[in-house]
Amino acid sequence: MNVHELLRLLQTEHDDTAARADHLREQIERLTTALAEADARLAELAATRKVIDGLTPPDHATAPAETATATVYQRIVTTFNEHPGQVFRVRDLHEHLGLPTDEPSINVTRSRLGRLVRQGLLEQPGRGRYQKRT
């Protein structure tokens, strides 16, 4: 194999890899858009549930999983209401609330905080930092 053939093979591999990278970037863009739409829909559904729960008689029973999620959201909102000027990182918020600090739990809370930001309850003064909207 001579140098010219080696360079041709290297260029072919480069072109194939560049095409694959472009394809993956397009997929990421489509998935990012779909995720943003799904998150927005989840925020709308959470707001709707909150309104309906406010209109339902107190004897209405909710499923335990729904109650647990609502409780975590309520604890988060209550913490920010009790400390309106304080900026929290997700891990600090978990420690404050006594929640597990493993990565999957942190990521779930990060997602919840993002929804609360989109709903206008919180603001994000810096990357990974959250505080009550003033």
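Let's start at Arg-91, which is partly exposed with a relative accessible area of 36% (buried means under 20%, exposed over 50%, and partly exposed in between, with a 1.4 Å probe and protein chains only). The model you are looking at is predicted, so local features need pLDDT of at least 70 and side-chain atom pairs count only at pLDDT 80 or more, while totals for chains, interfaces and linings use all residues. Residues are numbered from 1 along each chain as its sequence is written, and side-chain values use heavy atoms, with hydrogens and water left out.

The side chain of Arg-91 meets that of Glu-103 in a salt bridge, at 2.9 Å from N to O (a salt bridge is a side-chain nitrogen of Lys or Arg within 4 Å of a carboxyl oxygen of Asp or Glu). Arg-91 lies in helix H3 and Glu-103 in helix H4, so this pair ties together parts that are 12 residues apart in sequence. Glu-103 is partly exposed too, with a relative accessible area of 42%. Helices (H or I, at least four residues) and strands (E, at least two) are DSSP runs, numbered from the N terminus.

Stay with helix H3 for a moment, which covers residues 90–97. Which residues of H3 are buried? They are Val-90, Leu-93, His-94 and Leu-97. They cover an arc of only 100 degrees around the axis, which puts them on the same side of H3; the arc is that of the directions from the helix axis to the C-beta atoms. The general background is familiar: an α-helix has 3.6 residues a turn, so residues three or four places apart point the same way. Just after H3, Gly-98 takes a positive phi of about 75 degrees.

Now step back to the whole chain. The protein has 4 helices and 3 strands, and they follow the pattern α-α-β-α-α-β-β along the sequence. Of its 134 residues, 18% are buried. The accessible surface comes to about 9,800 Å², and 58% of this belongs to carbon and sulfur atoms; accessible areas come from the Shrake-Rupley method with a 1.4 Å probe, and for residues only the protein chains shown count as cover. Among contacts between residues at least 6 apart in sequence, 44% join residues at least 24 apart, where contact means heavy atoms within 4.5 Å.

The structure holds 4 salt bridges, and two more of them involve helix H1, which spans residues 3–55. Within H1, the side chains of Arg-25 and Asp-22 meet at 3.0 Å, N to O. Being 3 residues apart in this helix, Arg-25 and Asp-22 are separated by about one helical turn. Arg-25 counts as exposed at 52% relative accessibility, whereas Asp-22 is partly exposed at 41%. Another salt bridge joins Arg-118 and Asp-39, at 3.8 Å from N to O. Arg-118 lies in helix H4 (residues 103–118) and Asp-39 in helix H1, so the pair ties together parts that are 79 residues apart in sequence. Asp-39 counts as buried at 15% relative accessibility, while Arg-118 counts as partly exposed at 47%.

Helix H1 is also home to Leu-9, which is partly exposed with a relative accessible area of 37%. Together with Met-1 and Leu-6, Leu-9 makes a nonpolar surface patch of about 340 Å². Patches are made of residues with over 30% relative accessible area and no salt bridge, with like charges joined within 9 Å and nonpolar side chains (Val, Leu, Ile, Met, Phe, Trp, Tyr) within 5 Å.

The strands complete the tour. Strand E1 (residues 88–89) and strand E3 (residues 129–132) pair in the antiparallel sense over 2 bridges, and E2 and E3 do so over 3 bridges; two strands pair if DSSP finds at least two bridges between them. Arg-129 in E3 is the bridge partner of Arg-89 and also of Gly-126. E2 and E3 form a hairpin with 2 residues between them, and Gly-128 in the turn has a positive phi of about 75 degrees.

Glu-123 sits in strand E2, residues 122–126, and is partly exposed with a relative accessible area of 22%. Leaving aside neighbours within four places in sequence, Glu-123 has contacts that include Val-117, Tyr-130 and Thr-134. The C-alpha atoms of Glu-123 and Thr-134 are separated by 8.4 Å, and the two residues are 11 apart along the chain.
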